[in-house]
Amino acid sequence: MRSKLLLLAAAALAGCASFQPLEPGKARLADVEARFGKPLERVALPDGGSRTFYSTLPEGRENFAVTAGADGVVREIRQQLTWDSIKRITPNATSAKDLRELLGPPFRVVRMERQQRDVWEYPWRLSEDRRILWVQVSYDGTVREVIEMHDYESDPPSGPKD
C-alpha cells in the first residue's frame, strides 16, 4: 500500500498527467483501480455514476477526484485541492456533504466538543507554497468557519547551523 501511495505521490507532482495514459472517455474505473489501488472514498452520483477519491496527503498535498459514468467510463480526473475550489466554500451555507464532494476526504478531523464542531484539515499547495486549510463544521453538518494560511509547520528548520 505504501508503495502505491509513493507512486501516486510521485506521479501527482506531474499534475493530472499522473493519471496518464488513463484518458477520460476511454479509461474505465477498473483501469484506475488497477493502477492506483482502492480509492479512499467512493461517492455515488445522482446520474448513477460515481466519484472516487485518491489522496497524496499529507506530503503530496493533493486530492484527486475521478468521476465516472454509470457505465464505469472515466469522464474526468481532477485535482480538488485548489484555490478555485476553496473559494467556493461559504460559511453558514456550505454543507459537510458539499464540502466533502468539493475537496474530497480530509487528511485529519479534530473534534472540538466545547464548540460542538469538527475541524477538517487539508494540507494543500499553491504553486510551491505549502498551505493548510482548516474548515470548521458544526455538528448540524454546516460549515461555520474557513481558515487558510501558510503551513509554517512544514517549513524547514531555520537558525544557526552547527
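Strand 3 and strand 4 (residues 74-79) run antiparallel in this predicted model, and five bridges join the two strands. The hairpin that they form has five residues between the strands, and within this hairpin G72 takes a positive phi near 85°. On the other hand, strand 3 also pairs with strand 2 (residues 50-55), to which it is joined by six bridges, again in an antiparallel arrangement. V66 shows how strand 3 is linked to both partners, since T52 stands opposite V66, while in strand 4 the bridge partner of V66 is I77.

What share of strand 3 is buried? Six of the six residues of this strand, which covers residues 63-68, are buried, so strand 3 is largely enclosed by the rest of the structure. The side chains can be followed in two sets, because N63, A65 and T67 point one way from the strand and F64, V66 and A68 point the other way, and all of them are buried, which here means under 20% relative accessible area.

**The protein as a whole**

The protein contains four helices and eight strands, and from the N terminus on these elements follow one another in the order α-α-β-β-β-β-α-α-β-β-β-β. Of its 162 residues, 43% count as buried. Among the contacts with a separation of 6 or more, 39% are made by residues that lie 24 or more positions apart in the protein. The accessible surface of the protein comes to about 9,400 Å², and carbon and sulfur atoms account for 52% of that surface.

**Two nonpolar cores**

The largest nonpolar core has 15 residues, and those with the most contacts inside it are I89, L99, L103, Y122, L133, V135 and V137. Helix 4 (96-103), strand 6 (117-126) and strand 7 (129-138) each supply at least two residues of this core, and the largest share, four residues, comes from helix 4. V137 can serve as an example of a core residue, for if its neighbours within four places in sequence are left aside, V137 is in contact with A96, L99, Q116, R117, D118, W120, T142 and V143. Apart from this core lies another one, of 10 residues, and among them are A27, F36, V66 and V74.

Is E121, which is found in strand 6, buried or exposed? E121 is buried, with a relative accessible area of 13%, and, again leaving aside neighbours within four places in sequence, E121 is in contact with P106, F107, R108, I132, L133 and W134.

**Charged pairs and a nonpolar patch**

Side chains of opposite charge can pair when their charged atoms come close. In this model the count comes to 15 salt bridges, and three of the pairs are set out below with the distance between N and O atoms.

| Pair | N to O distance | Relative accessibility of each residue |
|---|---|---|
| E33 and R42 | 2.4 Å | E33 28%, R42 44% |
| E101 and K97 | 2.8 Å | E101 22%, K97 55% |
| D140 and R144 | 2.9 Å | D140 54%, R144 26% |

In the pair of E33 and R42, E33 counts as partly exposed, and R42 is partly exposed as well. In the second pair, E101 counts as partly exposed, whereas K97 is exposed. Where do E101 and K97 stand with respect to each other? Being four residues apart in helix 4, E101 and K97 are separated by about one helical turn. In the third pair, D140 counts as exposed, while R144 counts as partly exposed. Salt bridges can also be linked to one another, and R111, E113 and D118 form such a network; D118 is also one of the residues in contact with V137.

The surface carries a nonpolar patch too, which is made by I147, M149 and Y152 and has an area of about 280 Å². Y152 has its place in the segment after strand 8 (143-150), and at 57% relative accessibility Y152 counts as exposed, because the cut-off for that term is over 50%.

Conventions
Residues numbered from 1 in each chain as written. Predicted model: local features only at pLDDT ≥ 70, side-chain atom pairs only at ≥ 80, totals over all residues. Heavy atoms only, no water. Core = buried A, V, L, I, M, F, W, Y, C linked by side-chain atoms within 4.5 Å. Buried < 20%, exposed > 50% of the residue type's maximum accessible area, 1.4 Å probe, protein only. Contact = heavy atoms within 4.5 Å. Pairing = 2+ DSSP bridges. Patch = residues over 30% accessible without salt bridge, like charges linked within 9 Å, V, L, I, M, F, W, Y side chains within 5 Å. Areas by Shrake-Rupley, 256 points an atom, 1.4 Å probe, with all protein chains shown as cover. Salt bridge = Lys/Arg side-chain N within 4 Å of Asp/Glu carboxyl O.
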